[in-house]
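Visitor: I would like to learn how to read a protein model step by step. Could you take me through one, giving the general idea before each case?

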Amino acid sequence: MRRAMDYVFTVDNEEILIEGLQKETRTQVIKQYSKCRKDKKMTQEKLAKLSGISRPNITRFESGYYNPSLEMLVRIAAAMDMAIELKLVPKENEA
């Protein structure tokens, strides 16, 4: 049963439900990566060459149609001369 906060991700005609929070987190990560690339005046083509990730995968990642692995995120960050900082934080209390 789908809830209003569920997100449907389709892969090979198979629907996968992803909670809205995961989608929101991924969207924020994508926006951050895309902004960093643009701030560095780097094309997707150049990023692809430096990271060893195909340009179509970079495009799919930035458009939200690709669920990136941690390896991909690290490679893209390194290609932009950046590092990734991940941390777990307690959820804020919801009123």
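**Reading the model, from surface to core**

Guide: The accessible surface of this protein comes to about 7600 Å², and 52% of that surface belongs to carbon and sulfur atoms. Please keep in mind from the start that what you see is a predicted model.

Visitor: Which secondary structure elements does the protein have, and what pattern do they follow along the sequence?

Guide: The secondary structure comes to four helices and two strands, and, when you read along the sequence, these elements follow the pattern β-β-α-α-α-α.

Visitor: How many of the residues are buried, as a percentage?

Guide: The protein has 95 residues, and buried residues make up 28% of them. Another way to look at the fold is through its contacts: among those between residues at least 6 apart in sequence, 37% join residues at least 24 apart.

Visitor: Which residues have the most contacts inside the largest nonpolar core?

Guide: The general idea is that, in soluble globular proteins, nonpolar side chains tend to be buried together. In this structure the largest nonpolar core has 15 residues, and those with the most contacts inside it are Tyr33, Leu47, Ile58, Phe61, Ile76 and Met80. Helices H1, H2, H3 and H4 each supply at least two residues of this core, and H4 gives the most, with five residues.

Visitor: Which residues does Ile76 touch, if I leave out those up to four places away in sequence?

Guide: With those neighbours set aside, Ile76 touches Tyr33, Leu47, Ser51, Ile53, Ile58 and Phe61.

Visitor: Ser51 is on that list, so let me ask about it next: is Ser51 buried or exposed?

Guide: A residue is called buried when its relative accessible area is under 20%, and Ser51, which lies in helix H2, therefore counts as buried at 8% relative accessibility. Leaving aside neighbours within four places in sequence, Ser51 is in contact with Ile58, Arg75, Ile76 and Ala79. The C-alpha atoms of Ser51 and Ile76 are separated by 5.5 Å, although the two residues are 25 residues apart along the chain.

Visitor: How should I read the way two helices meet, and at what angle do the axes of H2 and H4 cross?

Guide: One useful approach is to look at the axes before looking at the residues. The axes of helix H2 (residues 44-51) and helix H4 (residues 70-79) come within 8 Å and cross at roughly 110 degrees, which means that H2 is roughly perpendicular to H4. On the side of H2 the contact is made by Leu47, Leu50 and Ser51, and on the side of H4 by Arg75, Ile76 and Ala79. The residues of this contact divide into four nonpolar, one polar and one charged.

Visitor: And at what angle do the axes of H3 and H4 cross?

Guide: The axes of helix H3 (residues 55-63) and H4 come within 13 Å and cross at roughly 105 degrees, so H3 is roughly perpendicular to H4. Here Asn57, Ile58 and Phe61 in H3 meet Met72, Leu73 and Ile76 in H4, and the residues of the contact divide into five nonpolar, one polar and no charged.

Visitor: What can I look for in the backbone angles?

Guide: The general idea is that most residues other than glycine have a negative phi. Lys41 has a positive phi of about 55 degrees although it is not a glycine, and Asp81, also not a glycine, has a positive phi of about 60 degrees.

Visitor: Where are Lys41 and Asp81 found, and are they buried or exposed?

Guide: Lys41 is found in the loop between helix H1 (20-39) and H2, and at 75% relative accessibility Lys41 counts as exposed. Asp81 has its place in the segment after H4 and is also exposed, with a relative accessible area of 70%. Asp81 and Lys40 are 41 residues apart in sequence and 9.9 Å apart in space, C-alpha to C-alpha.

Visitor: What is the accessibility of Thr27, and how far is its C-alpha atom from that of Glu62?

Guide: Thr27 has its place in helix H1 and is partly exposed, with a relative accessible area of 30%. The C-alpha atoms of Thr27 and Glu62 are separated by 9.0 Å, while the two residues are 35 residues apart along the chain.

Conventions. Residues are numbered from 1 along each chain as its sequence is written. This is a predicted model: local features need pLDDT of at least 70, side-chain atom pairs count only at pLDDT 80 or more; totals for chains, interfaces and linings use all residues. Side-chain values use heavy atoms; hydrogens and water are left out. Axes are lines fitted to C-alpha atoms, for helices over the stretch in contact, and angles run from 0 to 180 degrees between N-to-C directions. Angles under 35 degrees count as roughly parallel, over 145 as roughly antiparallel, 65 to 115 as roughly perpendicular and the rest as oblique. Contact means heavy atoms within 4.5 Å. Ala, Val, Leu, Ile, Met, Phe, Trp, Tyr, Cys and Pro count as nonpolar, Asp, Glu, Lys and Arg as charged, and the others, Gly among them, as polar. Buried means under 20% relative accessible area, exposed over 50%, partly exposed in between (1.4 Å probe, protein chains only). Accessible areas come from the Shrake-Rupley method with a 1.4 Å probe; for residues, only the protein chains shown count as cover. A nonpolar core is a set of buried Ala, Val, Leu, Ile, Met, Phe, Trp, Tyr and Cys residues joined through side-chain atoms within 4.5 Å.
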